[in-house]
Amino acid sequence: AQFNVARFRYPSDHPGLEGFTSRLDSVNALAESSPGFVWRFQDETGNAMAVQAFDDPRVLLNLSVWETWEHLKAYVYSGGHLEVMRRRAEWIEPHAEPHLVMWWVAAGHIPTIEEAKARLDRLRTEGPTRDAFTPRTIKKTSLPT
């Protein structure tokens, strides 16, 4: 599973986010059609932009499950998602602390937002462990059980 958060530079309905919001449906569709994709958190509109899991309404969340890190990496660093990643500084504020956490989940398990937030908190307080790691530390700290 992977969970990441980002704080927008603007409120979600601000014209400055148009370049991001106009690509959201296509980027989500690309994820869903990518090899290794299992599941992603979404609301009734098909995305997670309206979900407020933090006190700050400008914090966006992304939670998904993939078969392997290699599948997730292939999606993140190619095609339409890579185009958005390259422009993220236009829409997203720099991160002051870890904003992405990964952890192994059993087949069929669907993580909750509460579980994901706890994993991110664990990474922030304890650093990378077998239960909360980052792409940079995946090989050093984790093996699926």
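Student: Which element gives the most to the lining of the second largest pocket?

Tutor: Strand β3, with three residues. Keep in mind that this is a predicted model.

Student: How much space lies in the second largest pocket, and which residues are the closest to its centre?

Tutor: About 300 Å³. Of its 22 lining residues, Ala1, Val65, Trp66, Glu67 and Val105 are the closest to the centre. β2, β3 and α3 each supply at least two lining residues.

Student: What is the make-up of that lining by class?

Tutor: The second largest pocket is lined by 16 nonpolar, five polar and one charged residues.

Student: What volume does the largest pocket have?

Tutor: About 1,200 Å³. Its lining has 44 residues, and those closest to the centre are Asn4, Val76, His81, Met85 and His99.

Student: Which element supplies the largest share of the lining of the largest pocket?

Tutor: β3 does, with six residues. β1 (2–7), α2 (24–32), β2 (37–40), α3 (69–76), α4 (79–86) and α5 (88–91) are among the elements that each supply at least two. By class, the lining has 28 nonpolar, ten polar and six charged residues.

Student: How do you know that β1 and β3 pair?

Tutor: Two strands pair if there are at least two bridges between them. β1 and β3 have six bridges, in the antiparallel sense. The criterion is met, so they count as a pair. One position to look at is Arg7, which stands opposite Val59 in β3.

Student: How many bridges join β1 to β4?

Tutor: Three bridges join β1 to β4 (residues 100–102), and the two strands run antiparallel. At least two are needed, so this is a pair as well. Gln2 has Met102 of β4 as its bridge partner.

Student: Now the rings. How many aromatic pairs does the count come to?

Tutor: Five.

Student: Why is the pair of Phe8 and Phe20 called edge-to-face?

Tutor: Take the distance, then the angle. The centres are 5.3 Å apart, and a pair needs them within 6.5 Å. The planes stand at 70°, and over 60 degrees counts as edge-to-face. Both tests are passed, so the name holds.

Student: What does this pair link?

Tutor: Distant parts of the chain. Phe8 is in the loop between β1 and α1 (18–21), Phe20 is in helix α1, and twelve residues separate them. Both Phe8 and Phe20 are buried.

Student: What makes Phe37 and Trp66 an edge-to-face pair?

Tutor: Their ring centres are 5.4 Å apart, with 80° between the planes. The limits are within 6.5 Å and over 60 degrees, so the pair is edge-to-face. Phe37 sits in strand β2 and Trp66 in strand β3, 29 residues apart.

Student: Why does Phe37 count as buried?

Tutor: Its relative accessibility is 18%. Buried means under 20%, so Phe37 qualifies. Trp66 is at 10%, so Trp66 counts as buried too.

Student: Which residues form one aromatic cluster?

Tutor: Phe8, Phe20 and Trp91.

Student: How do you know that Lys117 lies over the face of Phe54?

Tutor: The distance from the ring centre is 4.6 Å. The cut-off is within 6 Å, together with a limit of 35 degrees from the ring normal. The distance fits, and Lys117 is listed as lying over the face.

Key
Residues are numbered from 1 along each chain as its sequence is written. This is a predicted model: local features need pLDDT of at least 70, side-chain atom pairs count only at pLDDT 80 or more; totals for chains, interfaces and linings use all residues. Side-chain values use heavy atoms; hydrogens and water are left out. On a 1 Å grid over the protein atoms alone, a cavity is a set of points where a 1.4 Å probe fits but cannot get out, and a pocket is an open set with protein on both sides within 12 Å along at least five of seven lines; lining residues have an atom within 4 Å of a point. Grid points are joined across faces, edges and corners, and a volume is the space filled by probe spheres set on the points. Helices (H or I, at least four residues) and strands (E, at least two) are DSSP runs, numbered from the N terminus. Ala, Val, Leu, Ile, Met, Phe, Trp, Tyr, Cys and Pro count as nonpolar, Asp, Glu, Lys and Arg as charged, and the others, Gly among them, as polar. Rings of Phe, Tyr and Trp (its six-membered ring) pair if their centres lie within 6.5 Å; planes under 30 degrees apart count as stacked, over 60 as edge-to-face and the rest as tilted. Buried means under 20% relative accessible area, exposed over 50%, partly exposed in between (1.4 Å probe, protein chains only).
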